[in-house]
Amino acid sequence: MATAHCAIVPPHLLNRLARAEDPSLNEPARRTLALDAAQRVQRRLTAEIGPTAALPKRAPDHPLRTICDVEHRRELPGRRIRGEGEADAPDTSVNHAYDGLGATFDFYLRTLSRLSIDGAGLPLNASVHFQEDYDNAFWDGEQMVFGDGDGHIFGDFTQSPDVIGHELTHGVTQYTANLTYMGQSGALNEHLSDVFGSLVEQYTKGETTEEANWLIGEELLRPGVQGVALRSMKAPGTAYDDDELGKDPQPAHMDDFVRTFADNGGVHINSGIPNHALYLAATQLGGHAWDGAGRIWYDVLTSGELARDADFTSFARLTADAADAYGPREHDAVLLAWNAVGVPTHELSRTVSH
């Protein structure tokens with residue numbers, strides 16, 4: 001089982017902040033980049049060994065959560081603060097992490113009949129207050145880790161339920177398709193985390209596709225930052241346009257696909273293309289996205305047919321095939337969505353149903 005450094009804040013944003021003139025911005029960003037680089041090695045080792053958290057003899061239909069405080073150090077997991085079923089802690093970060101893990105567990109169980117991220121009741125562990133002013137959150141192959149943010153650009157990373165859902169979905173992908181974290185397969189890895197991160201928040205709020213804002217990480221940006229979130233699935237490329245962060249570089253169409261060696265081939269950038277396709281399919285079908293396009297995407301993720309090195313076209317074809325099981329309306333919505341973002345499937349030459 002292989003994994004990679006799958007943190008919510010992409011390297012291009014941290015690199016931009018690392019070049020800022022203000023030390024309150026560049027120093028946390030530089031420390032975060034250095035820590036992220038060091039964590040990549042540890043995550044690869046963890047993935048090769050496999051998760052070590054003990055599974056219960058009989059997996060319960062509720063989460064088994066443990067939240068620890070790293071106390072601004074680096075050694076994980078830190079001091080245990082709150083366990084499953086225990087009362088709120090005085091620390092709001094601990095409680096936000098606890099609630100976010102629970103919301104993600106409930107989403108996967110209630111909507112997709114998946115028992116925890118491995119499908120077998122894996123305990124959900126998290127550590128908060130990682131290092132000083134750490135500008136990120138990540139899944140390390142075994143648990144969640146949250147920074148507090150620098151307080152200027154980014155706030156506490158436990159505040160955003162879609163961020164927690166996003167990172168835990170990297171764990172789901174790790175246990176299912178295990179997509180290679182490079183190029184288009186890496187962008188699909190990020191895309192799937194954005195999809196189910198957004199659906200966790202929509203499910204928690206009871207939102208329909210029309211009511212949802214389709215933003216990723218909207219709670220992270222501090223007041224004064226010119227932006228609404230890290231990414232927008234509804235309108236990739238519009239999430240922020242800020243003096244310090246720069247402009248959101250995500251494309252919404254294959255015509256604007258970004259070719260780069262940075263960020264493992266632009267995995268956080270080009271994910272905007274399949275993100276927009278999912279948004280278009282979901283809104284075309286309406287209702288709750290987890291009952292429509294989200295379920296089709298999940299079927300593909302867990303089908304065993306998705307190759308580790310899948311590209312956008314092969315993924316699009318699998319979603320079109322999976323949509324057949326739900327009916328012609330779903331099938332046509334998926335075909336039209338991929339066509340709209342410039343990703344062909346084997347059926348785009350065929351006239352959709354009317």
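Glu-201 is buried, with a relative accessible area of 3%. In this predicted model, Glu-201 forms a salt bridge with Lys-205, and their closest N and O atoms lie 2.7 Å apart. The partner residue Lys-205 is partly exposed, at a relative accessible area of 46%. Both residues belong to helix 5, which covers residues 183–205; because Glu-201 and Lys-205 are four residues apart there, about one helical turn separates them. Elsewhere, salt bridges with shared partners join Glu-71, Arg-73 and Arg-79 into one network.

Within that network, Arg-79 is paired with Glu-71, with a distance of 2.9 Å between the closest N and O atoms. Arg-79 is partly exposed, its relative accessible area being 46%. Glu-71 also counts as partly exposed, at 30% relative accessibility.

A further salt bridge brings together the side chains of Arg-80 and Glu-86, with an N to O distance of 2.7 Å. Arg-80 has a relative accessible area of 45% and is partly exposed. Glu-86, at 32% relative accessibility, is likewise partly exposed.

The structure holds eight salt bridges in total. The table lists three of them, including the bridge in helix 5.

| Salt bridge | Closest N and O distance |
|---|---|
| Glu-201 and Lys-205 | 2.7 Å |
| Arg-79 and Glu-71 | 2.9 Å |
| Arg-80 and Glu-86 | 2.7 Å |

Which residues are joined into one network by salt bridges that share partners? They are Glu-71, Arg-73 and Arg-79.

Technical notes: Residues numbered from 1 in each chain as written. Predicted model: local features only at pLDDT ≥ 70, side-chain atom pairs only at ≥ 80, totals over all residues. Heavy atoms only, no water. Salt bridge = Lys/Arg side-chain N within 4 Å of Asp/Glu carboxyl O. Buried < 20%, exposed > 50% of the residue type's maximum accessible area, 1.4 Å probe, protein only. Helix = DSSP H or I, 4+ residues; strand = E, 2+ residues; numbered from the N terminus.
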